[in-house]
Amino acid sequence: MNDLITDQNYRRINFKEEPIKADFELCTFENCSFSEATISHLSFTECTFENCDFSGVKVIATAIQECEFISCKMLGINFENCSDFLFQLNCKDCTLDFSTFYKVDLRLSQFTSCQLNQVDFTEANLTGISLNNCELAGTIFQQTNLSNVDFSTATNYNIHPEQNKIKGAIFSNEGVKGLLQSYSIKIIDN
(Lines give C-alpha, C1' and ligand atoms only; values in the text may rest on other atoms or scores of the structure.)
Protein backbone atom coordinates (compact mmCIF):
# COMPACT_ATOMS: atom_id res chain seq x y z
CA MET A 1 0.00 0.00 0.00
CA ASN A 2 1.26 3.47 -0.91
CA ASP A 3 1.60 6.38 1.50
CA LEU A 4 -1.19 8.98 1.16
CA ILE A 5 -0.19 12.59 0.53
CA THR A 6 -2.92 15.21 0.88
CA ASP A 7 -3.25 18.91 0.13
CA GLN A 8 0.29 19.48 -1.15
CA ASN A 9 1.54 21.72 -3.97
CA TYR A 10 4.22 20.56 -6.38
CA ARG A 11 6.00 22.90 -8.83
CA ARG A 12 8.52 22.20 -11.59
CA ILE A 13 9.28 18.62 -10.61
CA ASN A 14 10.40 16.03 -13.15
CA PHE A 15 8.76 12.81 -11.94
CA LYS A 16 10.79 10.64 -14.32
CA GLU A 17 13.98 11.79 -12.57
CA GLU A 18 12.31 11.75 -9.14
CA PRO A 19 9.98 8.70 -9.20
CA ILE A 20 7.04 8.70 -6.82
CA LYS A 21 5.42 5.90 -4.87
CA ALA A 22 2.49 7.54 -3.13
CA ASP A 23 -1.20 8.22 -3.54
CA PHE A 24 -2.31 11.85 -3.84
CA GLU A 25 -5.49 13.54 -2.72
CA LEU A 26 -6.39 17.23 -3.14
CA CYS A 27 -2.89 18.00 -4.45
CA THR A 28 -1.86 20.57 -7.05
CA PHE A 29 0.84 20.00 -9.67
CA GLU A 30 2.10 23.03 -11.63
CA ASN A 31 4.60 22.95 -14.52
CA CYS A 32 5.61 19.39 -13.63
CA SER A 33 6.84 16.76 -16.07
CA PHE A 34 5.48 13.23 -15.98
CA SER A 35 6.74 12.61 -19.53
CA GLU A 36 7.85 8.98 -20.00
CA ALA A 37 7.52 8.46 -16.22
CA THR A 38 5.80 5.47 -14.64
CA ILE A 39 2.91 6.37 -12.35
CA SER A 40 1.39 2.91 -12.45
CA HIS A 41 -0.48 1.58 -9.40
CA LEU A 42 -0.80 5.12 -7.97
CA SER A 43 -3.96 7.02 -7.11
CA PHE A 44 -4.80 10.67 -7.84
CA THR A 45 -8.05 11.89 -6.26
CA GLU A 46 -9.39 15.43 -6.69
CA CYS A 47 -5.99 16.65 -7.88
CA THR A 48 -5.32 19.58 -10.23
CA PHE A 49 -2.62 19.52 -12.89
CA GLU A 50 -1.73 22.79 -14.62
CA ASN A 51 0.77 23.17 -17.48
CA CYS A 52 2.09 19.64 -16.92
CA ASP A 53 3.58 17.30 -19.53
CA PHE A 54 2.25 13.72 -19.45
CA SER A 55 3.48 12.65 -22.90
CA GLY A 56 4.06 8.91 -22.99
CA VAL A 57 3.40 8.45 -19.27
CA LYS A 58 2.80 4.85 -18.16
CA VAL A 59 -0.52 4.48 -16.32
CA ILE A 60 -1.13 0.79 -15.61
CA ALA A 61 -3.82 0.48 -12.91
CA THR A 62 -3.47 4.21 -12.16
CA ALA A 63 -6.54 5.69 -10.47
CA ILE A 64 -7.61 9.08 -11.83
CA GLN A 65 -10.64 10.22 -9.85
CA GLU A 66 -12.19 13.69 -10.19
CA CYS A 67 -8.93 15.20 -11.47
CA GLU A 68 -8.65 18.44 -13.39
CA PHE A 69 -6.11 18.99 -16.16
CA ILE A 70 -5.54 22.56 -17.39
CA SER A 71 -3.28 23.38 -20.35
CA CYS A 72 -1.54 20.01 -20.13
CA LYS A 73 0.29 18.08 -22.84
CA MET A 74 -1.06 14.52 -22.75
CA LEU A 75 0.23 12.85 -25.92
CA GLY A 76 -0.02 9.11 -26.53
CA ILE A 77 -1.49 8.04 -23.19
CA ASN A 78 -3.21 4.64 -22.99
CA PHE A 79 -6.04 5.59 -20.65
CA GLU A 80 -7.61 2.15 -21.06
CA ASN A 81 -4.85 0.84 -18.77
CA CYS A 82 -6.02 3.09 -15.90
CA SER A 83 -8.20 1.82 -13.09
CA ASP A 84 -11.83 2.17 -14.15
CA PHE A 85 -13.07 2.66 -10.58
CA LEU A 86 -14.57 6.20 -10.40
CA PHE A 87 -12.44 7.24 -13.41
CA GLN A 88 -12.97 10.94 -14.13
CA LEU A 89 -10.80 13.50 -15.81
CA ASN A 90 -11.81 17.05 -16.68
CA CYS A 91 -9.58 18.55 -19.33
CA LYS A 92 -9.46 22.20 -20.37
CA ASP A 93 -7.12 23.59 -23.05
CA CYS A 94 -5.23 20.28 -23.17
CA THR A 95 -3.60 18.42 -26.06
CA LEU A 96 -4.45 14.70 -25.96
CA ASP A 97 -3.37 13.72 -29.50
CA PHE A 98 -2.68 10.01 -30.17
CA SER A 99 -4.14 8.91 -26.81
CA THR A 100 -6.50 5.96 -26.49
CA PHE A 101 -9.67 5.51 -24.47
CA TYR A 102 -10.52 1.98 -25.69
CA LYS A 103 -13.56 0.76 -23.72
CA VAL A 104 -13.18 3.57 -21.14
CA ASP A 105 -16.30 4.89 -19.40
CA LEU A 106 -16.04 8.67 -19.80
CA ARG A 107 -19.57 9.59 -18.70
CA LEU A 108 -18.25 11.64 -15.76
CA SER A 109 -15.48 13.35 -17.74
CA GLN A 110 -15.36 16.65 -19.63
CA PHE A 111 -13.27 18.04 -22.47
CA THR A 112 -13.29 21.82 -23.09
CA SER A 113 -11.21 23.53 -25.79
CA CYS A 114 -9.02 20.44 -26.16
CA GLN A 115 -7.13 19.06 -29.13
CA LEU A 116 -8.08 15.40 -29.54
CA ASN A 117 -6.50 14.57 -32.92
CA GLN A 118 -6.02 10.89 -33.78
CA VAL A 119 -7.54 9.84 -30.43
CA ASP A 120 -9.09 6.36 -30.25
CA PHE A 121 -12.53 6.21 -28.59
CA THR A 122 -13.32 2.68 -29.84
CA GLU A 123 -16.04 1.06 -27.68
CA ALA A 124 -15.82 3.91 -25.14
CA ASN A 125 -18.87 5.32 -23.37
CA LEU A 126 -19.13 9.10 -23.81
CA THR A 127 -22.84 9.29 -22.96
CA GLY A 128 -23.91 12.83 -22.14
CA ILE A 129 -20.50 14.51 -22.18
CA SER A 130 -19.76 17.78 -23.94
CA LEU A 131 -16.88 18.29 -26.34
CA ASN A 132 -16.95 22.10 -26.20
CA ASN A 133 -14.66 23.68 -28.80
CA CYS A 134 -12.69 20.45 -29.24
CA GLU A 135 -10.66 19.61 -32.34
CA LEU A 136 -11.30 15.97 -33.37
CA ALA A 137 -9.41 15.45 -36.66
CA GLY A 138 -8.71 11.78 -37.31
CA THR A 139 -10.35 10.70 -34.07
CA ILE A 140 -11.72 7.15 -34.14
CA PHE A 141 -15.31 6.51 -33.10
CA GLN A 142 -16.04 2.79 -33.59
CA GLN A 143 -18.84 1.09 -31.64
CA THR A 144 -18.73 4.13 -29.36
CA ASN A 145 -21.67 5.23 -27.24
CA LEU A 146 -22.17 8.88 -28.21
CA SER A 147 -25.73 9.17 -26.91
CA ASN A 148 -26.55 12.74 -25.88
CA VAL A 149 -23.00 13.95 -26.57
CA ASP A 150 -22.79 17.65 -27.41
CA PHE A 151 -20.74 18.08 -30.60
CA SER A 152 -22.27 21.50 -31.36
CA THR A 153 -18.97 23.37 -31.08
CA ALA A 154 -16.59 20.48 -31.88
CA THR A 155 -14.76 20.48 -35.21
CA ASN A 156 -13.30 18.11 -37.82
CA TYR A 157 -14.89 14.89 -36.62
CA ASN A 158 -15.92 11.98 -38.81
CA ILE A 159 -18.56 9.73 -37.22
CA HIS A 160 -20.18 6.81 -38.99
CA PRO A 161 -23.78 6.83 -37.65
CA GLU A 162 -24.35 3.14 -38.32
CA GLN A 163 -21.27 2.05 -36.36
CA ASN A 164 -21.94 4.15 -33.24
CA LYS A 165 -24.79 4.99 -30.89
CA ILE A 166 -25.70 8.63 -31.55
CA LYS A 167 -29.27 8.92 -30.27
CA GLY A 168 -29.84 12.36 -28.78
CA ALA A 169 -26.38 13.67 -29.78
CA ILE A 170 -26.24 17.37 -30.61
CA PHE A 171 -24.61 18.63 -33.82
CA SER A 172 -24.37 22.07 -35.44
CA ASN A 173 -25.49 22.54 -39.06
CA GLU A 174 -21.82 22.78 -40.07
CA GLY A 175 -20.96 19.68 -38.06
CA VAL A 176 -23.51 17.46 -39.77
CA LYS A 177 -20.96 17.08 -42.57
CA GLY A 178 -18.89 14.98 -40.17
CA LEU A 179 -21.76 12.48 -40.00
CA LEU A 180 -22.10 12.17 -43.76
CA GLN A 181 -18.45 11.84 -44.87
CA SER A 182 -18.54 8.05 -44.70
CA TYR A 183 -21.28 7.98 -47.35
CA SER A 184 -19.07 9.65 -50.00
CA ILE A 185 -21.71 12.24 -50.86
CA LYS A 186 -21.10 15.87 -51.76
CA ILE A 187 -22.52 18.64 -49.64
CA ILE A 188 -22.54 22.13 -51.08
CA ASP A 189 -23.35 25.42 -49.41
CA ASN A 190 -25.82 27.63 -51.25
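Two strands are taken to pair if DSSP finds at least two bridges between them. In this predicted model, strand 2 and strand 4 (residues 28-30) meet that condition, with 3 bridges in the parallel sense. Within this pairing, arginine 11 has glutamate 30 of strand 4 as its bridge partner.

Both strands belong to an open sheet of 7 strands, in which the pairing is parallel and the order is 2-4-6-8-9-10-11. The edges of this sheet are formed by strand 2 (9-11) and strand 11 (131-132), each of which pairs on one side only. Further along the order, strand 8 and strand 9 are joined in the parallel sense by 4 bridges. Cysteine 67 lies opposite leucine 89 of strand 9. Strand 9 also runs parallel to strand 10, to which 3 bridges connect it. In that pairing, cysteine 91 is placed opposite phenylalanine 111 of strand 10. In general, the strands of a sheet pair through backbone hydrogen bonds, in either a parallel or an antiparallel arrangement.

A further open sheet consists of 4 strands in the order 1-3-5-7, again with parallel pairing. Strand 1 (3-6) and strand 7 are at its edges; each has a single partner strand, so one side of each lacks a neighbour in the sheet. On average, and with direction ignored, neighbouring strands of this 4-stranded sheet are turned by 15° against each other. Strand 1 pairs with strand 3 in the parallel sense over 4 bridges, and the bridge partner of threonine 6 in strand 3 is glutamate 25. Strand 3 is in turn joined to strand 5 (residues 43-45) by 2 bridges, and these two strands run parallel. Here phenylalanine 24 stands opposite phenylalanine 44 of strand 5.

The largest nonpolar core comprises 55 residues. The residues with the most contacts inside this core are Phe29, Phe34, Phe49, Phe69, Met74 and Phe151. At least two residues of the core are supplied by each of strand 3 (22-25), strand 8 (67-70) and strand 9. For methionine 74, when neighbours within four places in sequence are left aside, the contacts are Phe54, Phe69, Phe79, Leu89, Cys91, Cys94, Thr95, Leu96, Asp97 and Ser99. Two residues in this list also appear in the strand pairings described above: Leu89 stands opposite cysteine 67, and Cys91 stands opposite phenylalanine 111.

Backbone geometry was also examined in the loops. Most residues other than glycine have a negative phi. Alanine 61 departs from this pattern with a positive phi near 60°. This alanine is located in the loop between strand 6 (48-50) and strand 7 (63-65). Partly exposed residues lie between 20% and 50% relative accessible area; alanine 61 therefore falls in that class, at 35% relative accessibility.

Phenylalanine 98 likewise has a positive phi, of about 65°, although it is not a glycine. The position of phenylalanine 98 is in the loop between strand 9 (89-92) and strand 10 (110-112). Exposure requires a relative accessible area over 50%, and phenylalanine 98 counts as exposed because its value is 53%. The loop that holds this residue thus links two strands that pair with each other in the 7-stranded sheet, strand 9 and strand 10.

Technical notes:
Residues numbered from 1 in each chain as written. Predicted model: local features only at pLDDT ≥ 70, side-chain atom pairs only at ≥ 80, totals over all residues. Heavy atoms only, no water. Buried < 20%, exposed > 50% of the residue type's maximum accessible area, 1.4 Å probe, protein only. Core = buried A, V, L, I, M, F, W, Y, C linked by side-chain atoms within 4.5 Å. Contact = heavy atoms within 4.5 Å. Axes fitted to C-alpha atoms, helices over the stretch in contact; angles between N-to-C directions.
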